[in-house]
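Reader: I've got the sequence and the model open side by side. Could we go through it together, one question at a time?

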Number of protein chains: 4
Amino acid sequence: MKIGFIGLGKMGYPVAENILNAGHDLSVYNRTAAKADPLKDAGASVASNPAEAAAGDVVFTMPFSDDHMDEVMFGDGGILAAMKPGAIHVCMSTLSVVTADRITQAHTDAGHGYVAAPVMGRPEMAAAAKLFVLAAGNAKTIETVQPIFDVIGQRTFVLGDRPSQSNLIKLCLNFMAASAINSMGESMALARKCGIEPDAYLEVFTGTIFPGVVYQTYGKIIADENYDSPGADLDLGIKDVGQLIEAATAQTVPMPIASVLHNNFVMAKARGNADKDWAVVAKLMAENAGIE
Amino acid sequence: MKIGFIGLGKMGYPVAENILNAGHDLSVYNRTAAKADPLKDAGASVASNPAEAAAGDVVFTMPFSDDHMDEVMFGDGGILAAMKPGAIHVCMSTLSVVTADRITQAHTDAGHGYVAAPVMGRPEMAAAAKLFVLAAGNAKTIETVQPIFDVIGQRTFVLGDRPSQSNLIKLCLNFMAASAINSMGESMALARKCGIEPDAYLEVFTGTIFPGVVYQTYGKIIADENYDSPGADLDLGIKDVGQLIEAATAQTVPMPIASVLHNNFVMAKARGNADKDWAVVAKLMAENAGIE
Amino acid sequence: MKIGFIGLGKMGYPVAENILNAGHDLSVYNRTAAKADPLKDAGASVASNPAEAAAGDVVFTMPFSDDHMDEVMFGDGGILAAMKPGAIHVCMSTLSVVTADRITQAHTDAGHGYVAAPVMGRPEMAAAAKLFVLAAGNAKTIETVQPIFDVIGQRTFVLGDRPSQSNLIKLCLNFMAASAINSMGESMALARKCGIEPDAYLEVFTGTIFPGVVYQTYGKIIADENYDSPGADLDLGIKDVGQLIEAATAQTVPMPIASVLHNNFVMAKARGNADKDWAVVAKLMAENAGIE
Amino acid sequence: MKIGFIGLGKMGYPVAENILNAGHDLSVYNRTAAKADPLKDAGASVASNPAEAAAGDVVFTMPFSDDHMDEVMFGDGGILAAMKPGAIHVCMSTLSVVTADRITQAHTDAGHGYVAAPVMGRPEMAAAAKLFVLAAGNAKTIETVQPIFDVIGQRTFVLGDRPSQSNLIKLCLNFMAASAINSMGESMALARKCGIEPDAYLEVFTGTIFPGVVYQTYGKIIADENYDSPGADLDLGIKDVGQLIEAATAQTVPMPIASVLHNNFVMAKARGNADKDWAVVAKLMAENAGIE
């Protein structure tokens, strides 16, 4: 297949590389063109704008925000106008439900296929083709691109026939992670106030009923009070939980825990932690308990 | 060692059996005396009241509530008056911090040792000697009883030298479980309202970043809407989270997420689910989102 | 002065009438043209579109939503293109901060004056020229239109030189009202569960430390469970509190109480009360307490 | 009537004085005996313990806490044992529902009457006999003491035949006040962050839809950031809202707003404001918004 790939960031680059290595005819585009050089050396062609990359059978996009996606989709040299009838667009980023629904409508009107396929995993998992792919959209369209998902991820979850459904589930997972982080922070503040070592508490929950990457990674960040190398920062937390609440309000669904998380992230940012990891809410919980 | 064991419920019975099988001289007491019969056949002596069981070197208690513990401890025929100087009391139940501190003081005044050692695990884990023991109290006293912990559990976590610290951590773990349950419920209501199958969402989170018994067990209960065989019921959730908030207030620690959980459990009970599993809060979240 | 007035709804009509009665040269526009007839008979001219009404010195608008305002402002036959340099636009509706800031920028670019002047009061207060005017914008511009405010209201509060500041304060007042309503509902559910007559409780708080229209009006609605003639409905509550949270998030301000109110309104709507007064949240609080 | 009065604090003293001035035969008791001297000079007899003051027809108590009430009631020289059959006890303090129910039971068992009659108003209102009396208990018993209420207050609200009902309503009123304070604080933080003067916002809400002593008094304290002369302090807020939540939990009533207030008060105390007015939560809201 003739495939385009737009957005060669930390996650996008290894995904594109895996697609190329699988033998596909790949055209890549990135705003900072130099990032495409190694792929060019490996046989990819380099497009001069998104439209050029979108001229084939399938185009993947991995924008870093809803606004960026809008530009790639609808802007000058954007993909919507460039895609041929029947071509398929696969977007792998965490978009809002509103944006996803808007893009879906535009592609439907234009006779294109559209699959929302946000991924879970870190860059090293992307490099190892071990991502989890959350796919939603027309079943036949997903089938068509499934072989490509197979070369970039370890498993594809198909969530429904409306593309925004996978964006919603991605937001739900981020919410669940945020909830776990805030609950660890809230209870660890109490444990510390009662004279219990954070590491001792951490060992108990990760060593018994809360295994898994979220509790281990963030539990350790919180116990070590080591917030200076943000994976996700507070703005991302505010945006993700905010988009979840926006989607829930549109569906008339109350979100009492999400609201608490949102307020915690906003408070943490207002109190001077904008450049920290979003787990820094745990530091705020400790301060709110009078721990210096 | 001469050991007493009081409280032969679903958890207490297999624990007592493992202690007996390890070759200790065991005296058991249970309100419903018949439950002790098989242990008697296996060589245990049966005490006619708690005091009698507490006459040895160490006495274990596994009461089902703070009130029950008060009776066993301070009542007529209770253990406080019966224990000899230097004897050790180990309480394995989830007590409130207030009750634990009160018992600690009484034993200190009487020259006894006291270890709070609530356990994690289900009856089958107790039978297999695979419990997790959360111990707190005087370090030397814990050392003395550690060999007994080794025949009933797979791992002992030592959390501090104040017995109530392990009760607090047990409450914190129950809080973390309640938080996971409520977050699953809140996001699954949204997913359902958006037309996503509960099972599909369940597979995503348990199959990726949320492994572990809490997410698997309760996620399935929620996805199946199968709340009729309560492990823990709403009263237990209200009590546990309530005791956590009580302990936090005493330490001047705000608990915003715990408060949401407490209100959810209270609401679920008020709306007619007193006899359901505490995961039934997820059903309430769905109803609050207009799902029938 | 030559004045335009756009939007002859329940509030707009009596305001326009008072302006006309004060002797101004008035041009009115309303989508349903017939509503302008009595004003025409009284000497007003009737414009065929917003632009025509905006051709004078000052144009008042009273749209019923942000979208409507956008259309009146930026649409075909809208006022932005029609106003002459130095002309003043006064908008009297509760707009979001985002919309107000956007309109401000457009008028500044075009060399127009802009005053945001949302009002407080019911239609009968508008008819009696007893409204409260919350004004923000350039001080000199406000001075210019102050004589007109004087013929429609009993008092003008000047809140700042950025027009959106008065929109924010209007949203804050609606939040305070929503908070009072929810607090009455929450505590009245408890009082009822304890066997206290709603009227008895109502008399206590309105007769002592909570006088004023909000507590009296909504307290009576709640005590009487009489939600069928909505002044404000749940969608309005969801929108108003939602816009407040949106503005607060943009300013990095956490809003824990506003979040609870928002969730309550959403829940009340989801559970079948979309056409009720927003005080119906009190009925939900009662249901959540198990009161039928 | 032969009346006793126990507790001559800031509120109790003027109440006792008004009862004496109305011509009753009054016996007073206060822990610090000297406070009774002026009443003695005016004709009251001074009792040497609560029991002595409780020997007449009616005994009023105004303890400063539930624990103090327990002591006055059940302690050595307490009133329960001293009251004659058919005598009436009127307690004017804000007690918890649990304590009120316990006292009620004890008096019922002993054949005494019991009226809970917490009051609203400040010391100067007590001196001017302008208090509001919130009475609950047996209707005939209330009738008997009504003439005494008439010489100390401007109005008596009768709330039910279970004495604790008036304690509950007193807690509800304190909750409503706390809710108003927190809502002012939350919205004033936002207003300040948007560059609006606190005084300007204060004038708007007190000058329009939120008249009354709560909004005026606390609104000014918050706008002035003048928290150093506490009327009520944070511990009182934590206690009152905590007792309300305790009563609500016992009745299976969720209290989402009360929970937010409780957490805010706890946070404000933990962050170093234990000796400030409870309105200091507004300072915390401002800090949480990044305002120094």
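Reader: Let's dive in at B:Thr252: does it count as buried or exposed?
Author: The cut-offs are that a residue is buried if 20 or more other C-beta atoms lie within 10 Å of its own, exposed if 12 or fewer and partly exposed in between, with C-beta atoms placed from the backbone. B:Thr252 has 21 C-beta neighbours inside 10 Å, so it counts as buried.

Reader: Before we go on, what kind of model is this?
Author: On the bookkeeping side, residues are numbered from 1 along each chain as its sequence is written, while chains are lettered from A and ligands numbered from 1 in the order in which they are written. Local features need pLDDT of at least 70, side-chain atom pairs count only at pLDDT 80 or more, and totals for chains, interfaces and linings use all residues, this being a predicted model.

Reader: Back to B:Thr252, then: which loop holds it?
Author: B:Thr252 has a positive phi of about 60 degrees, although it is not a glycine. Helices (H or I, at least four residues) and strands (E, at least two) are DSSP runs here, numbered from the N terminus. On that numbering, B:Thr252 falls in the loop of chain B between helix H12 (234–250) and helix H13 (256–270).

Reader: And B:Ala129, how is its exposure classed?
Author: B:Ala129 sits in the loop between helix H7 (123–127) and strand E8 (131–135) of chain B. Its phi is near 55 degrees, a positive value in a residue other than glycine. It has 19 C-beta neighbours inside 10 Å, so it counts as partly exposed.

Reader: Over in chain D, which residues does D:His262 touch beyond its sequence neighbours?
Author: D:His262 belongs to helix H13 (residues 256–270) of chain D and is buried, with 26 other C-beta atoms within 10 Å. Its C-alpha atom is 9.0 Å from that of D:Ile245, 17 residues apart along the chain. Two residues are in contact if their C-beta atoms, placed from the backbone, lie within 7 Å. Leaving aside neighbours within four places in sequence, the contacts of D:His262 are D:Ile238, D:Val241, D:Gly242 and D:Ile245.

Reader: What about the sheet in chain A: which strands stand at its edges?
Author: Two strands pair if DSSP finds at least two bridges between them. In chain A, six strands form an open sheet with parallel pairing, in the order E3-E2-E1-E4-E5-E6. Two of them have a single partner strand each, so one side of each is left without a neighbour in the sheet: E3 (45–46) and E6 (113–116).

Reader: At what angle does helix H6 of chain A run to E6(A)?
Author: Strand E5 (residues 88–91) of chain A pairs with E6(A) in the parallel sense over four bridges, with A:Cys91 opposite A:Ala116. Axes are lines fitted to C-alpha atoms, for helices over the stretch in contact, and angles run from 0 to 180 degrees between N-to-C directions. Helix H6 (residues 97–110) lies across E5 and E6 of chain A, and its angle to E6(A) is about 160 degrees.

Reader: In chain D, which residue is the bridge partner of D:Gly4 in E4(D)?
Author: Strand E1 (residues 2–6) of chain D has four of its five residues buried, so it is largely enclosed by the rest of the structure. It pairs in the parallel sense with strand E2 (residues 25–29) over five bridges, where D:Ile6 is matched with D:Tyr29. E1(D) also pairs in the parallel sense with strand E4 (residues 58–61) of chain D, over four bridges. There, the bridge partner of D:Gly4 is D:Val59.

Reader: How many residues does H9(A) give to the side of chain A that touches chain B?
Author: Between these chains, 53 residues of chain A are in contact with 53 residues of chain B. Elements giving two or more residues to chain A's side include helix H9 (164–193) and helix H13 (256–270). The largest share comes from H9(A), with 17 residues.

Reader: Last one: which residue of chain A comes closest to the axis relating chain A to chain C?
Author: Copies are superposed by least squares on the C-alpha atoms of residues with pLDDT of at least 70 in both. A rotation of 180 degrees with 0.0 Å of shift along its axis puts chain A on chain C (RMSD 0.0 Å). The two copies are thus related as by a two-fold rotation axis. Closest to that axis in chain A, at 3.0 Å (C-alpha), is A:Ser259.
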